Amino acid sequence: MADEADVNALFDEARDSMDKTIEHFRKELKKVRTGRASTSLLDGLTAEYFGTSTPLNQLATVAAPDPRMIVISPFDKSAISAIEKAIHASDLGVSPSNDGKVIRLAIPPLTEERRKNLVKQVKKIAEEHKVRIRDARRDALALLKDLEDDGLSKDDRHRAEKRVQDLTDEHGKKVDELTAQKEKEVLEV
């Protein structure tokens, strides 16, 4: 027999899934380049180091001393060429320069066309995450239907469906807010 505890557990599971989607969305947005240097541009970048694909943050210290420059200081100077190769292979669109000790990435200002393309990319990422939120809603609603089959009253099911929809709307609005904030950053000159 389904009861309020089952509904609350289902609701908590849906909230957790949607919260994780928002966190993933935030991480994805950090990877989108704005007109400023940010060390998060290099998150997820790996370099071949002694035959192993190693995250950049384990090979070097990464800093953004000014808005147009990222400085990468390898812990082991022999890793410089591997790090440079990884940067060339990435889609960052910047050319590394090194002096044998550190690698500098000059972040060029974005062109108007590049800004518009980045905004399109942000909107695409946002829509993908909204779909994930709606998928979590769909799963929760399907489970509510199963609970109704197990004895949950129609009224309780409808109340729970409204809670799930409110949760979905809240998370969709959060995606919209984060998207607008990132678009503003990208379009800033």
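**Entry 1: the hairpin.** I began with glutamate 48, which stands opposite serine 53 in E2. The model I am reading is predicted. I then looked up the two strands around this pair: E1 covers residues 46–49 and E2 covers residues 52–55. They run antiparallel and are joined by four bridges. Two residues lie between E1 and E2, and the strands form a hairpin.

**Entry 2: the turn.** Which residue in the turn has a positive phi? I found phenylalanine 50, at about 55°. I noted that phenylalanine 50 takes this positive phi although it is not a glycine. Is phenylalanine 50 buried or exposed? Its relative accessible area is 71%, and exposed means over 50%, so phenylalanine 50 counts as exposed.

**Entry 3: helix H4.** I turned to helix H4, residues 112–149, and recorded 38 residues. From its first C-alpha to its last, H4 reaches 56 Å, close to the 56 Å expected at 1.5 Å a residue. Just after H4 I found glycine 151, with a positive phi of about 115°.

**Entry 4: the largest nonpolar core.** I looked up the largest nonpolar core, which has 27 residues. Which of its residues touch the most other members? They are Phe25 and Leu144. The elements that give two or more residues to this core are helix H1 (4–30), H4 and H5. H4 supplies the largest share, ten residues. I also listed the contacts of phenylalanine 25, leaving out residues up to four places away in sequence: it touches Ile125, Ala126, His129, Val175, Leu178 and Thr179. Apart from the largest core lies another core, of 22 residues, including Leu42, Ile80, Val94 and Leu105.

**Entry 5: lysine 182.** I closed with lysine 182, which I located in helix H5, residues 154–187. Why does lysine 182 count as buried? Its relative accessibility is 8%, and buried means under 20%, so lysine 182 falls in that class. What does the side chain of lysine 182 reach? I found the backbone oxygen of leucine 29, at 2.9 Å. Setting aside neighbours within four places in sequence, I recorded lysine 182 in contact with Leu29, Lys30, Val32, Thr34 and Val122. Leucine 29 thus appears in both records, through its backbone oxygen and in the list of contacts.

Terms used: Residues are numbered from 1 along each chain as its sequence is written. This is a predicted model: local features need pLDDT of at least 70, side-chain atom pairs count only at pLDDT 80 or more; totals for chains, interfaces and linings use all residues. Side-chain values use heavy atoms; hydrogens and water are left out. Buried means under 20% relative accessible area, exposed over 50%, partly exposed in between (1.4 Å probe, protein chains only). A polar contact is a pair of N or O atoms within 3.5 Å; within protein, one must be able to donate a hydrogen and the other to accept it, and residues adjacent in sequence count only if both atoms are side-chain atoms. Contact means heavy atoms within 4.5 Å. The expected span of a helix is 1.5 Å times one less than its number of residues. Two strands pair if DSSP finds at least two bridges between them. A nonpolar core is a set of buried Ala, Val, Leu, Ile, Met, Phe, Trp, Tyr and Cys residues joined through side-chain atoms within 4.5 Å.
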